[in-house]
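Visitor: Hi, could you walk me through this one? I'd like to talk about charges, strands and backbone angles.

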Amino acid sequence: MSRVLLFTGKGGVGKTTLSAATAASLAAHGRKALVVSTDPAHSLGDALDVRLGAEPSEVDGSDGLFACQIDPRGLVDEAWGELRGHLRTVLAGAGVDELDAEELTVLPGVEELLALAEVRRLASSGPWEVVVVDCGPTAETLRLLSLPEAFAGYLERLFPTHRRVVRGLLAGVAGTGTVEKWDATADALSRLAERLDALRSMLADSGSCSVRLVLTPERVVAAETRRTLTALALQGIRVDSVIANRLVPSPGGARGAAASWLRTRRQEQDAVLAELTGIGEIRTVDHRAAEPVGVPALLEVAAQLYGDEDPLPGAAVPESLLEVSGSGRGLDARYSLRIALPLSDDTDLDLARVGDDLALTVDGRRRLVALPSLLRRCIVIGAEMDSGGVTVEFRPDPSLWR
């Protein structure tokens, strides 16, 4: 399995240029690298100054750099069409009108899901060591990265995992005499479930997949970057680097109106970056007079971005999202659950107990956190939030400790 680097950021911050520059630098350092775009804007080919298709091809003038532009519509026609046909048959057999069945099998997000599945296929089947992904803008990327888990839950609710249960469901719909004809549907559902499991495993594996966030030093963009860091941490996806792009050059001691403008603008940008505390090192790239197009220009960008360092850092193990501590014994015990998340003062946070899970909603994004077995017999008595996460306090539930 190749290492996967996902580049994302607010629209227009230059993530396409930086993802292409990173891939070009990896290839120049002797690694076979594939840069692939899932962004509907189709600007990767423009950055590389080459014509791209849906299948990877080596970029002219490079050694070991491959590129392609994923075609989500084509993937839908090829991969989803079969399963849609099977599901329409099942729904028709259950008495659902043909038009309703057609509408019910059009699932929102399937194009993005299949694009991500194609990234995984390329990462697991090609000769490249690294796959660099130019993702869409942040909002679309967060939706994309949450789809495997959401789709898997949807599929599980519709069709239980166990094959015999699926067969029993289909038999109930179609009649026991025609069960065999529904096996194709069960097979298609099983293949989809396997792809979803593989996607979730890839995204959660910090050794094989990580995100690089690109921003420009503007307060609106920086605020979105903070929220994105929190949302990704909530999904258990590691961010290995934050890159500030398009810093205006410092005019030094120069005078004049242009130098004054540059000095003021750079001071504003530096102030924005100084406010981004607690998110680790921020790499910076200067704003260039000429747009970097083509491999030679992209390598110049990469030289400033990474210097003499390896563009592919080692796969550090991230801090655990959950940490439990406690004191006391029996009903007098008190426990703390620490949920590590980068938070800001204006974060909108909500906690709720849902069975054996803790429902954590941050700025409108919800995740169910499975509680350790010890805390499942406890009740929540309080919670505190700081810049590093949330601490939830528990005490034993007398009705469950007998």
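Guide: Happy to; what follows is a short chat about salt bridges, paired strands, a charged patch and phi angles.

Guide: This is a predicted model, where local features need pLDDT of at least 70, side-chain atom pairs count only at pLDDT 80 or more, and totals for chains, interfaces and linings use all residues. Residues are numbered from 1 along each chain as its sequence is written, and side-chain values use heavy atoms, with hydrogens and water left out.

Visitor: How many salt bridges does a search of the whole structure find?

Guide: The search finds 13, a salt bridge being a side-chain nitrogen of Lys or Arg within 4 Å of a carboxyl oxygen of Asp or Glu.

Visitor: Which residue forms a salt bridge with Asp386?

Guide: Arg338 does, with the closest N and O atoms 2.8 Å apart. This pair links distant parts of the chain, 48 residues apart: Asp386 is in strand 14 (residues 378-386) and Arg338 in strand 10. Strands here are DSSP runs (E, at least two residues) and helices are too (H or I, at least four), numbered from the N terminus.

Visitor: How accessible is Arg338?

Guide: Arg338 is partly exposed at 24% relative accessibility, and Asp386 is also partly exposed, at 38%. The cut-offs are under 20% relative accessible area for buried and over 50% for exposed, with partly exposed in between (1.4 Å probe, protein chains only).

Visitor: What is the bridge partner of Glu323 in strand 10?

Guide: That is Arg338 again. Strand 9 (residues 322-327) and strand 10 (residues 334-340) pair antiparallel over 6 bridges, where pairing needs at least two DSSP bridges between two strands. Strand 10 is also joined to strand 15 (residues 389-396) by 6 bridges, again antiparallel, with Ile339 partnered by Val390.

Visitor: Switching topic, where is Asp363 found?

Guide: Asp363 sits in the loop between strand 12 (357-362) and strand 13 (365-370). Its phi is positive, near 50°.

Visitor: And what is usual for phi?

Guide: Most residues other than glycine have a negative phi. Asp49 has a positive value too, near 60°, and lies in the loop between helix 2 (44-48) and strand 3 (57-58).

Visitor: Which residues gather with Asp363 in a patch of negative charge?

Guide: Asp345, Asp346, Asp348 and Asp350 join Asp363 in that surface patch. Patches take residues with over 30% relative accessible area and no salt bridge, joining like charges within 9 Å and nonpolar side chains (Val, Leu, Ile, Met, Phe, Trp, Tyr) within 5 Å. Asp363 has a relative accessible area of 32%.

Notes. Areas by Shrake-Rupley, 256 points an atom, 1.4 Å probe, with all protein chains shown as cover. Lys, Arg positive; Asp, Glu negative; His and termini not counted. Charge placed at Lys NZ, Arg CZ, Asp CG, Glu CD.
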